[in-house]
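Let's take a walk through this structure together. Have the sequence and the 3D view side by side, and follow along one piece at a time.

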Amino acid sequence: MKIGIILGSIREGRNGEAVAKWMLDFATSRKDENVEYELVDLMDYDLPFLGKTPTEDQAKAIGAWSEKIASFDGYVIVTPEYNRVLPGALKNALDFLKPELTNKAVGYVAYGGLGGLSSIQSLRLINAEQGMASVQTMVTFSLMTDFENMSIFTPNDYHAGNANGMLDQVITWSKALKTIR
Ligand SMILES: Cc1cc2nc3c(=O)[nH]c(=O)nc-3n(C[C@H](O)[C@H](O)[C@H](O)COP(=O)(O)O)c2cc1C
């Protein structure tokens, strides 16, 4: 069972890197039997806007992105909130995918001024259209209380409960959905 932890922010100076690394460390430290976690950083894929003719390098990036995402049985998407929804770069990257994601489970980790919940709600709509099953339990970090000066990630301990719940659900549903793929 392979679970991809996707970092959906590509902004220079992004807070997302610390959040995604925390999530990877947290998940790995659970030592889930027969489950491997891997961080996928959207920044590593120089995707063009969907519909623009890609350069040779961008065409390779599109192929690599598709192949990497297809290799997982389930996902955790780590996303900030930009103007109440997911970042445009993440939406664009998701628009390149569908068969890679169909009949797979996804859980969410969000962060933002007030926890990034609206970003998760927007992602649920997109992922549902891609044939995914999104789990109920979410992890939401607030810039006000889980970051120092809104830039140094200092997550409160109580998030561990939701992180465990979310991962348990992603693993259970990933196992179940594997049987119908
Ligand atoms: C363009 C933009 C729009 C934003 N809109 C929201 C918002 O609607 N709600 C919110 O809680 N935070 C909002 N924020 C704050 C971001 O969630 C916060 O800066 C977060 O750290 C961004 O993630 P990143 O640092 O990984 O890029 C916004 C930030 C940017 C850059």
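Start at Ile6, which counts as buried because 23 other C-beta atoms lie within 10 Å, and the cut-off for buried is 20 or more. Keep in mind that what you're looking at is a predicted model. Ile6 sits in strand 1, which covers residues 2-7. Its strand is largely enclosed by the rest of the structure, because five of the six residues of strand 1 are buried.

So what does Ile6 touch, once you ignore residues up to four places away in sequence? The answer is Val40, Leu42, Tyr75, Ile77 and Val78. Take Tyr75 from that group: Ile6 and Tyr75 are 69 residues apart in sequence, yet their C-alpha atoms are 7.1 Å apart in space.

Now look at who lines up with strand 1. On strand 2 (residues 36-41), you'll find a parallel partner, joined to strand 1 by six bridges. Strand 3 (residues 74-80) also runs parallel to strand 1, and five bridges hold that pairing. Ile3 is a handy place to see both pairings: its bridge partner in strand 2 is Tyr37, while in strand 3 Ile3 stands opposite Gly74.

How does the chain get from strand 1 to strand 2? Helix 1 (residues 16-29) belongs to the unit, and strand 1, helix 1 and strand 2 together make a right-handed β-α-β unit.

Let's move on to strand 3. How many of its seven residues are buried? Seven of them are, so the cover here is easy to describe, because a residue counts as buried with 20 or more other C-beta atoms within 10 Å. Gly74, Val76, Val78 and Pro80 point one way from the strand, and Tyr75, Ile77 and Thr79 point the other way.

Strand 3 has another parallel partner in strand 4 (residues 105-112), with seven bridges between them. Gly74, which you met opposite Ile3, stands opposite Ala105 in strand 4. To travel from strand 3 to strand 4, the chain passes through helix 3 (residues 88-95), and this β-α-β crossover is right-handed.

Next, pick out Val76. Leaving out residues up to four places away in sequence, Val76 touches Ile3, Ile5, Met23, Gly107, Val109 and Val170. Val76 also belongs to the largest nonpolar core, which has 43 residues. Within that core, Ile5, Val76, Val78 and Val170 touch the most other members.

For a contrast with Ile6, find Leu50, in the loop between strand 2 and helix 2 (56-70). Is Leu50 buried or partly exposed? Leu50 counts as partly exposed because it has 13 C-beta neighbours inside 10 Å. Setting aside neighbours within four places in sequence, Leu50 is in contact with Asn92, Asp95 and Phe96. Leu50 and Leu94 are 44 residues apart along the chain, and 9.8 Å separates their C-alpha atoms.

Last stop: the ligand. Which of the 15 residues around the ligand come nearest? They are Ser9, Gly16, Pro80, Gly112 and Gly113. You've already seen Pro80 at work in strand 3, where it points the same way as Gly74, Val76 and Val78. As for the make-up of the shell around the ligand, four residues are nonpolar, seven are polar and four are charged.

Methods
Residues are numbered from 1 along each chain as its sequence is written. This is a predicted model: local features need pLDDT of at least 70, side-chain atom pairs count only at pLDDT 80 or more; totals for chains, interfaces and linings use all residues. A residue is near a molecule or strand if its C-beta atom, placed from the backbone, lies within 6 Å of it. Ala, Val, Leu, Ile, Met, Phe, Trp, Tyr, Cys and Pro count as nonpolar, Asp, Glu, Lys and Arg as charged, and the others, Gly among them, as polar. Helices (H or I, at least four residues) and strands (E, at least two) are DSSP runs, numbered from the N terminus. A residue is buried if 20 or more other C-beta atoms lie within 10 Å of its own, exposed if 12 or fewer, and partly exposed in between; C-beta atoms are placed from the backbone. Two residues are in contact if their C-beta atoms, placed from the backbone, lie within 7 Å. A nonpolar core is a set of buried Ala, Val, Leu, Ile, Met, Phe, Trp, Tyr and Cys residues joined through C-beta atoms within 7 Å. Two strands pair if DSSP finds at least two bridges between them. A crossover is right-handed if, with the strands pointing away from the viewer, the path from the first strand over the helix to the second runs clockwise.
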